[in-house]
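Work through the exercises below with the model open beside you. Try each task before you read its solution.

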Amino acid sequence: MSALDPPGGRRAVAVWSIGVAVYFVAVIFRTSLGVAGLDAADRFHVNASALATFSLLQLLVYAGMQIPVGLMVDRLGTKRVLTLGAVLFTAGQLGFALAPSYEMALAARALLGCGDAMTFISVLRLGTRWFPARRGPLMAQLAGLVGMAGNLVSTLVLAPVLHGVGWVPAFAGSAAAGLVVLVPLVLFLRDHPEGHAAPPARGAGGGFVRRQIRASWSEPGTRLGLWVHFTTQFPAMVFLLLWGMPFLVEAQGLSRSTAGGLLTLVVASNMALGLVYGQIVGRRQSARMPLALGTVGLTSLLWAAVLVHPGDRAPMWLLVTLCLVLGSCGPASMIGFDFARPANPADRQGTASGITNMGGFIASMTTLLAVGILLDATGDDYRIAFSTVFVVQALGISQILRLRGRALSREAAGARAVIPAPKNPPPERAARACSLPEPSGHGPQ
């Protein structure tokens, strides 16, 4: 561990936990539509394309906010950005509960997406400012794991509450969680431990913005991180965020409870594999690329097996296997940050993370819209609609293969450049030095 590394410890865990709790609630709100898609279609009297617009707009706002949020984190600090995010996503969830029309519900989801966009990059920043660099991959995976726990709450808690008490009580009641996490955030969260502040951001206004973005984007590691995130995250997100429940119920003939169990399996698999991926990458950086590409290949293989299976419906064992594999998409997407992090200094971490985090959400947004359009155009042919997954994956893999050589070479060169010279000579050199005659009459001091 470098002398400049943050110390970690119990206080670091406590502060980081506050930030992660905010992210946890944001994910509950973000994924709440995934278990309410069919209810939303009935409530607002919309078709598949219009239903997809809810998630599409939310992700569009989220993706569009990533670079501005990264700049805000670098400039204003984590606490201010997280506080603003918590206020916005709470207002968005409450607005979605009370919206009397489709248009007002869209505006509420956009507000929710804006607040949600401010959470994850802030949590990543807390991890890099409070924990040693070698813990970075594990802390990022743990943050993702907690986020998936929020998804689990949506599936296991919000779904039955929604069907039990109705739309307004379920969504308005869940909005109270935003107020609960806002209190410790305002009172106790700190941006960094004493003595470990990041270098102050230089300049202001447009010059600062252009310099941060240009410097971060010029690093091949940042661009590689974006494309890894782009290619790995979206299959699971599209499944969980909107189209998984309709696919399992309408195309596969499952009951809502069985389909909910399979969505829960995706989340549980994600949480278990997040710990595994974090430990592997933390110990062996060389495992990053094989893990990312292996996840993409396995995901593609299972989707193909489900979609081309003879007959109208795939067997349950195949659907279970698909859901287990989809659980690896989230942990694999976190590897993107492990390429961007070492490529950028501390005062650019927020901006670089924002660029990276755009990848998966752009891919998800594109696929969500494409699936909805194709379902309407083909009379709900899910096989054709979900074939979009392979097109998006092919684009991402081509960019990963194009960038990986330059990014890894530059990262290796940077690692060699920062290795400090040893403070004391090796024992054998010291022994040889002691055996030489002294050049003057004085002995060793």
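## Exercise 1: The core

The largest nonpolar core has 135 residues, and Trp243 and Phe247 have the most contacts inside it. Helix 10 gives the largest share of this core, 18 residues. A nonpolar core here is a set of buried Ala, Val, Leu, Ile, Met, Phe, Trp, Tyr and Cys residues joined through side-chain atoms within 4.5 Å. Buried means under 20% relative accessible area, exposed means over 50%, and partly exposed lies in between (1.4 Å probe, protein chains only).

This is a predicted model: local features need pLDDT of at least 70, side-chain atom pairs count only at pLDDT 80 or more, and totals for chains, interfaces and linings use all residues. Residues are numbered from 1 along each chain as its sequence is written, and side-chain values use heavy atoms, with hydrogens and water left out.

**Task.** Find what phenylalanine 247 touches, not counting residues up to four places away in sequence.

**Solution.**
- Step 1. Apply the contact rule: heavy atoms within 4.5 Å.
- Step 2. List the partners of phenylalanine 247: Phe239, Gln252, Trp303, Val306, Leu319, Tyr382 and Phe386.
- Step 3. Pick one partner, glutamine 252, and place it in the loop between helix 10 and helix 11 (256-283).
- Step 4. Check its cover: glutamine 252 is buried, because its relative accessibility is 7%.
- Step 5. List what glutamine 252 touches under the same sequence limit: Phe247, Asp312, Arg313, Ala314 and Leu319.

## Exercise 2: The whole chain

**Task.** How many helices and strands are in the chain?

**Solution.**
- Step 1. Take the DSSP runs, numbered from the N terminus: helices are H or I with at least four residues, strands are E with at least two.
- Step 2. Count them: 18 helices and zero strands.
- Step 3. Turn to burial. Of the 445 residues in the chain, 54% are buried.
- Step 4. Look at contacts between residues at least 6 apart in sequence: 85% of them join residues at least 24 apart.
- Step 5. Add the surface. The accessible surface of the chain is about 18,600 Å², and 66% of it belongs to carbon and sulfur atoms. Such areas come from the Shrake-Rupley method with a 1.4 Å probe; for residues, only the protein chains shown count as cover.

## Exercise 3: A charged network

**Task.** Which residues do salt bridges that share partners join into one network?

**Solution.**
- Step 1. Recall the principle: side chains of opposite charge can pair when their charged atoms come close.
- Step 2. Set the rule. A salt bridge is a side-chain nitrogen of Lys or Arg within 4 Å of a carboxyl oxygen of Asp or Glu. The count comes to seven salt bridges.
- Step 3. Start at glutamate 219, in the loop between helix 9 (205-217) and helix 10 (220-251).
- Step 4. Find its bridge to arginine 348, at 3.9 Å from N to O. Arginine 348 sits in the loop between helix 14 (329-340) and helix 15, and the pair is 129 residues apart. Both glutamate 219 and arginine 348 are buried.
- Step 5. Find the bridge from glutamate 219 to arginine 410, at 2.8 Å from N to O. Arginine 410 belongs to helix 17 (residues 388-417), and this pair is 191 residues apart.
- Step 6. Compare the ends of this bridge. Glutamate 219 is buried because its relative accessible area is 12%. Arginine 410 counts as partly exposed because its relative accessibility is 47%.
- Step 7. Join the bridges: Glu219, Arg348 and Arg410 form one network.

## Exercise 4: Unusual phi

**Task.** Is histidine 45, a residue with positive phi, buried or exposed?

**Solution.**
- Step 1. Know the background: most residues other than glycine have a negative phi.
- Step 2. Read the angle of histidine 45: phi is near 55 degrees.
- Step 3. Locate histidine 45 in the loop between helix 2 (37-44) and helix 3 (48-76).
- Step 4. Decide: histidine 45 is exposed, because its relative accessibility is 71%.
- Step 5. Try aspartate 380, with a positive phi of about 65 degrees. Aspartate 380 is in the loop between helix 15 (349-378) and helix 16 (382-386). It counts as partly exposed because its relative accessible area is 44%.
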